[in-house]
Amino acid sequence: MINLKSLEKIKKCVVPLKSRSLIKVVGQDALKHLQGLTTNNLNRLKDNQSTNSSIYNGFLQSNGRLLFDSIISLDKEHHNGNPKPISMAPGSSGNGELDSFIIDIDSSILNEAMAHLKQYKLRNKIDIVDVTENFYVYSILDKTYKTVRDDSLFSQLEKDRCSVMMDPRHQIMGVRLLVPNNKQLAVEERLSKYESKEETIYNLFRISQGIPQGVKEYQWGNIIPLEYNFDLLNGVDFHKGCYLGQELTSRTHFTGLIRKRIFPVVMKVQDVESTSVMDEAIIDPTKPPKESLLFPKRILNALNHDHPPSDSVLTVKNISSKHHQQQQPSDETVKVGNESEIKTVSRSTDKFITGLHGVGLAMLKVDNIDIFQLDNTVVHDKSNKELTVLPPCWISKLTSLQMPPQQVS
């Protein structure tokens, strides 16, 4: 159970992310190796003209299905004057420029991720090392956006040899820190003005913004990255060139066949704000939200309610009059009932993926979602309990792809 009183007025907090592991890839061929395995363009990290301090990435199977997600950044210690790798790769002469990258991943798939990186090492002159014990990972959530403008704090943290970066998925996820283990106490003192919260609060906020993370939500080797919004979370570069599994991702993007996406949902409660009117991002994505609390009433009042079980079927209906007029008859039937029925539904069925204290992520057909008025989308689980679709942080990008035709008088 979550203490709701402790969350009612939170606008900012610092969260130690203990469920993350870190892998260092270092050597003359580090950039080449990772460029061939990731969905994004890591050259941006080394481009002096770029503002990217970290990049969101996916690692794919050869068939284009996602293995795991990651956040990759330059190894600050290495690139600030300590360019020697931990152990030179066999065959390396020791000459040439050495690159070093830190890959931030879900701890539960550390061994599998290490094995995947080593599988494609071949003759590349690199070392792949688990450096989780060398760092602490923190996230600063701040819905007031004052933290990102605090240059003095950033300069102090950088003097402590911390890697300070904006979360590359979306600005609403705040600032991310990699803190050397011998600097933890000094950094925690600098961050003492922020209330410290447990990682459950971070995950609750992340899910409410429609951002999946980790193997529990991404389902290793089974999902298409774009259905999980990699394109909307800055996780794919469609112009970088070839990489493992590229064909499916590129074909899905350029044919526009993304029929389903992950959306945040919450158990419906009464007497709260409309989800649509609170979504300032639809109106002007360049402005910070007026709503500065991390958890508005529509989420707080639903916490600790029972959410549907993972992978259970949902029924979704768009009640807007415009959609009703345009809707085509369908032969597809959706079974909602006992467990044996649920197991037989097709992959195209709307379903609940995972949840946390009444908030969750659901895979929903985009055609059933009224992007411009989320209240028109009605969702029920197999017990006929109603869920509300929350406005995700990336919704302004989706609306730009689906702008309604203008009326001509």
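Helices (H or I, at least four residues) and strands (E, at least two) are DSSP runs, numbered from the N terminus. The model is predicted: local features need pLDDT of at least 70, side-chain atom pairs count only at pLDDT 80 or more, and totals for chains, interfaces and linings use all residues. Residues are numbered from 1 along each chain as its sequence is written, and side-chain values use heavy atoms, with hydrogens and water left out.

**Exercise 1. Locate T354 and describe its surroundings.**

Step 1. T354 belongs to strand β14, which spans residues 351-356.

Step 2. Its relative accessibility is 3%, so T354 is buried (under 20% relative accessible area; exposed is over 50% and partly exposed lies in between, with a 1.4 Å probe and protein chains only).

Step 3. Neighbours within four places in sequence being set aside, T354 is in contact with K216, E217, S310, G360 and L361; contact means heavy atoms within 4.5 Å.

**Exercise 2. Place β14 in its sheet and identify the edge strands.**

Step 1. Two strands pair if DSSP finds at least two bridges between them. The open sheet has seven strands in the order β12-β14-β15-β11-β17-β16-β13, and the pairing is antiparallel.

Step 2. At the edges are β12 (312-313) and β13 (315-318), each of which pairs on one side only.

Step 3. Strand β13 is joined by four bridges to β16 (residues 377-380), and the two run antiparallel. Within β16, H380 is the residue opposite T315.

Step 4. Helix α7 (residues 199-208) lies across β11 (260-267), β14 and β15 (359-365), at about 25 degrees to β15. Axes here are lines fitted to C-alpha atoms, for helices over the stretch in contact, and angles run from 0 to 180 degrees between N-to-C directions.

**Exercise 3. Analyse the aromatic pairs of F68.**

Step 1. Rings of Phe, Tyr and Trp (its six-membered ring) pair if their centres lie within 6.5 Å; planes under 30 degrees apart count as stacked, over 60 as edge-to-face and the rest as tilted. The whole structure holds eight aromatic pairs.

Step 2. F59 and F68 are stacked, because their ring centres are 4.6 Å apart and their planes stand at 15 degrees. F59 is buried at 0% relative accessible area, and F68 is buried at 3%.

Step 3. F68 and W220 are also stacked, with centres 5.9 Å apart and planes at 15 degrees. F68 lies in strand β4 (residues 66-74) and W220 in the loop between α8 (215-218) and α9 (246-255), so this pair ties together parts that are 152 residues apart in sequence.

Step 4. W220, at 29% relative accessibility, is partly exposed.
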